[in-house]
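I opened this structure to practise reading folds. Here are my notes, in the order I looked things up.

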Amino acid sequence: MASKISLNLIKKQAQKDIEKGRDLKELNDVFKRYLGKQGQLTLLLHSLEKLPKEKKAKVGKTVNELKGLLKIAFDKKSLEIKQKIQKEAEEKEWIDVTIPGKKPVFGHLHPLTLARRKVEEIFQAMGFTVAEGPEMETAWYNFDALNIPKDHPARDMWDTFWLKNGSLLRTHTSPVQARYMEKNNPPLRIIVPGSVFRHEATDSSHEFQLFQVEGLMVDKTISVANLKAVIGEFFRRFFEKDVKFRLKPDYFPFTEPSFDIGISCLVCGGKGCPACKRTGWMEVAGAGMVHPNVFKNSGLIPRDWQGWAFGFGLERLTMLKYKIDDIRLFRSGDLKFLKQF
Amino acid sequence: MRFAEVEEIKKEGKDFTLNMDIKPSRASDCFSHLGIAREIAALLNLKYAVPDAKLVENKKTKSKELVSIEVKNKAACPRYTARVVTDIKVGSSPKWLRERLVSCGLRPINSVVDIANYVMLETGQPLHAFDADKLEGRKIIVRFAKDREKIITLDGQKFDLDSSVLVIADGKKPVAIAGIKGGKLPEIDRKTKVIVLESANFYPQIVRKSSRKLNIRTDASLRFEHGIDPNLTEFAADRAAFLVQKIAGGKVAQGLVDVYPKRIGPRTIKLDLDFAERLLGIKIPEREARNILESLGFKTKALNQKILSVEAPTRRLDVSIPEDLIEEIGRIHGYDKIPSLFPVSSLIPAKKNLKVFWENMVKDILKEAGFAEVYSYSFFGKKEATLFGHKEKELIEVENPLSQEYRYLRASLIPNLLKNVEKNFRDFQQIKIFELGKVFRSPSLEKRHLAGLILGGEFQYLKGTIDLLLEKLGLNEVWYDEYRPTPEDSKQFIWYPKKCAEIKIGSEEIGFLGEISPKILDNLAIKGKAVLFDIDFEKLSELSSEEHEYRPVSRFPSATRDIAILVPRDVKVAQVLNKIHDSGKKLIRDVDLFDIYEGEELPQDKKNLAFHIIYQAEDRTLSSEEIDRVQGDIIKNLEEEPEWQVRK
């Protein structure tokens, strides 16, 4: 039968054409010529419509087998060409991996924000709530409620900015102790981060505006031993090393007993160096057991409750953590400084 | 470690001086060498020697006959003690005395004055010496000054007094400001023969007030304003008279003149040892507690097994409640011996502080958008106030500013942000910074604001940043209104006219956005163009919401058609967008402005806007016929405007 011979011819020719294809475009043209919508085999299948049913089935089967055969040949050739192209490309193209990378532009959080978050995270994990209070304060909350009477030399411990509207800029975050205890009954555990202001000349270790964190824990039997445990845990987590600390007697009108908290010098590890004035220790916080008068002034009955409070300057801890040598950098707005964080 | 810090040790010849930081609570007993010796003796379990004050009195003359003392106000002067020494010869002090004074920072003057100062250093009791012959009527009267009275002090300064200032007067006039400084009139000189040595106790607050008012601070006023034990005067007077006799010769008249109407006795405090244990977190045995207190001069008595009755020496003005005694026991026992014990407490979860939560969220978003956070001072000066159009009556002024630069509390974050730019713009091509902090307005408003700035940035970009920020805070209904300032509105001065907008959420204005006026940049010597935003953070955090609802993604394909339209230049994009949405209704998922063009090829006063319109239905695949029909409606609707022309 003529159709059988022509099928054989088509097959041979097609195989030859596929083999000759030099690139993907040529190969695609060959594909179209045989298997495309107007391709030879497609047309052949269409022409079978007129044949009797039996014959149609027989020839149709042969044509479809051929189609399958050719498809496999095409795929094989196509893969061959692609591999060849890829191989050539791999020989030619290269990337100079020493060209500096292009960084996506990211912003920066202020180091005090980073430190503050760390402090909050550590204390929140120990059940402390973050509380806040106003920066513009009354003399009552800043002094009197904290057992610092008017015309008392203890007021000289805090050089104060007074405002013409009759208030003052808080000199510490301690006023929030009284404000919080007025509104919340013990047991309570809070930390109070916030800005405080001191009327004093600035140098590399003194600022007139500072960021302080206050802590307060009040319950039935809260002791100095508990203060040591909590503050020790805080130092270890904040500095991410086993920091030693100690309590020394100090004086604050709103705590009794009062302590100065020092940590072993982070520069020399306690051996003594210029950074710690050769003492091996660095003062970082003040603390003490809440004075009964503070409870009284906050509307609590002193004998019912006991607790401790502490306060530290966040700048100082941040300076120790990141080895920053000038406190004035924090509010300098210097991007060369800020972009390092 | 258990008492006070030695700040500095200095070698002085064969001896040493220690510079110690004594806390104000211990001023009453430790602003003196004797006090420190007492403390060290207690700490090291040593004995200390009290300086010699054994007088040989001259029985022939009685002090009371040589000088009369009257205290008018007993509350202001609880005790006035004096010794009288006759037949003295004033000269220079011996070398040892002069050296000791100099090493403590005092200037030697003459033997009598030097002795008074020296005994003050020794005992903590300030003393003053008068030349008795220069006192009118040989009288000493402690009283408040009369208005318009004056005094010339030893150093030649003249002060006007008033009735709040306590003075020592003779028969006629003030001869010393009580507890602060002596007057010139009864000054000791080389001819002085008879002296009155004053050793008195004055009420702390009165000395402090006068010292502030007259702006005189002395070694005496420092000690008096902290409070001194009234029982100290006697010993100090005797010790001084003893030294005068030894060094300047003379005879000590018989008897101490002493006006002490209300004797102050020791205070007794009950100490519950269980309470001490509860507060310190460590048990200190009764024996040890009592030993510690007794070594410090307290007297103890056990009332029962748990309660001590403790009598505090009168010099310890700082000790009045059980906690004060617990501090003494704790510090001497050693705070280092107290263990670290975690509190046993009910498990109360920490409350979430929403204010802090939104602050953190906003800071993180702006950081991710490439902004650097800055902290500025909460102050600004007159210059900024004027430049940024803040009226004086809106501002809170600082009574005692550090400098004119910090005269007011800042009423806005913008001035300090721009000052930061001024510091940085030479080093960076683009500056993107923000600050979240308090601003202050008269009479007593304090609230948080959020402000940010891009130097060398476009309005549209900053607006996009705000859009992103507000979207992340769960805020819908965000829109931007052209800002039309009222004539008296001060804000108009800082923005570039017609290049600023109000940021609104629903009907509430929460802040501003725009380009800063070049006038201001020129004034601050900033080169470039700055776009800024300023948002009321209290309003923002109130409106923000963590709730976020998932919107189902349509399973059906979307199709994009473009529209380009030529409109007059003053037409706003929002007008065109509204029209597109009006006719597109629910089938439009999004409209995206991808080009704005104003150029030579276009008719004058026209601009070309080009949009991608994205069509999608939630329930079916849209046929191209349906999309064509909607697109046709949109075009028709747009072209109803007389000068609008859709380009085909």
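**Domains of chain A.** I checked the domain assignment of chain A, which gives domain 1 as 2-92 and domain 2 as 111-338. I then looked up how far apart they sit: the centres of domain 1 and domain 2 of chain A, taken over C-alpha atoms, are separated by 85 Å.

**Confidence.** I reminded myself that this is a predicted model. The model has an ipTM of 0.89 and a pTM of 0.87. For chain B, I noted an average pLDDT of 93, with 99% of the residues scoring at least 70.

**A helix in chain B.** I picked helix α2 of chain B, residues 33-44, and counted 12 residues. From its first C-alpha to its last, α2(B) reaches 16 Å, close to the 16 Å expected at 1.5 Å a residue. Which residues of α2(B) are buried? I found B:Leu34, B:Ile36, B:Arg38, B:Glu39 and B:Ala42. The buried residues of α2(B) pack against α1 (27-30), α5 (111-123) and α10 (286-295) of chain B. Right after α2(B) comes B:Asn45, with a positive phi near 60 degrees.

**Sheet of three strands.** Next I traced an open sheet in chain B with the order β16-β18-β17 and antiparallel pairing. β16 (267-272) and β17 (299-302) of chain B are at the edges with a single partner strand each, so each has one side without a neighbour in the sheet. From one strand to the next, the twist averages 25 degrees. I followed β17(B) against β18(B), residues 307-312, and found four bridges in the antiparallel sense. There, B:Lys299 is opposite B:Glu311 in β18(B). I met α10(B) again here: it packs on the sheet, touches β17 and β18 of chain B, and its direction makes about 155 degrees with that of β17(B). Helix α11 of chain B (residues 322-333) lies across β16 and β18 of chain B, at about 75 degrees to β16(B).

**Sheet of four strands.** I also looked at an open antiparallel sheet in chain B, ordered β29-β30-β28-β31. Why do β29 (588-597) and β31 (645-647) of chain B each have one side without a neighbour in the sheet? Both stand at the edges, and each has a single partner strand. On average, neighbouring strands here are turned by 30 degrees against each other, direction ignored. For β28(B) (559-568) and β30(B) (606-615), I noted 10 bridges and an antiparallel run. B:Ile565 has B:Leu609 in β30(B) as its bridge partner. Helix α18 of chain B (residues 573-584) packs on this sheet, touching β28, β29 and β30 of chain B.

Conventions
Residues are numbered from 1 along each chain as its sequence is written. Chains are lettered from A and ligands numbered from 1 in the order in which they are written. This is a predicted model: local features need pLDDT of at least 70, side-chain atom pairs count only at pLDDT 80 or more; totals for chains, interfaces and linings use all residues. Helices (H or I, at least four residues) and strands (E, at least two) are DSSP runs, numbered from the N terminus. The expected span of a helix is 1.5 Å times one less than its number of residues. A residue is buried if 20 or more other C-beta atoms lie within 10 Å of its own, exposed if 12 or fewer, and partly exposed in between; C-beta atoms are placed from the backbone. Two residues are in contact if their C-beta atoms, placed from the backbone, lie within 7 Å. Two strands pair if DSSP finds at least two bridges between them. Axes are lines fitted to C-alpha atoms, for helices over the stretch in contact, and angles run from 0 to 180 degrees between N-to-C directions. pLDDT is the predictor's confidence in each residue, from 0 to 100. Domain bounds come from an automatic or database domain assignment.
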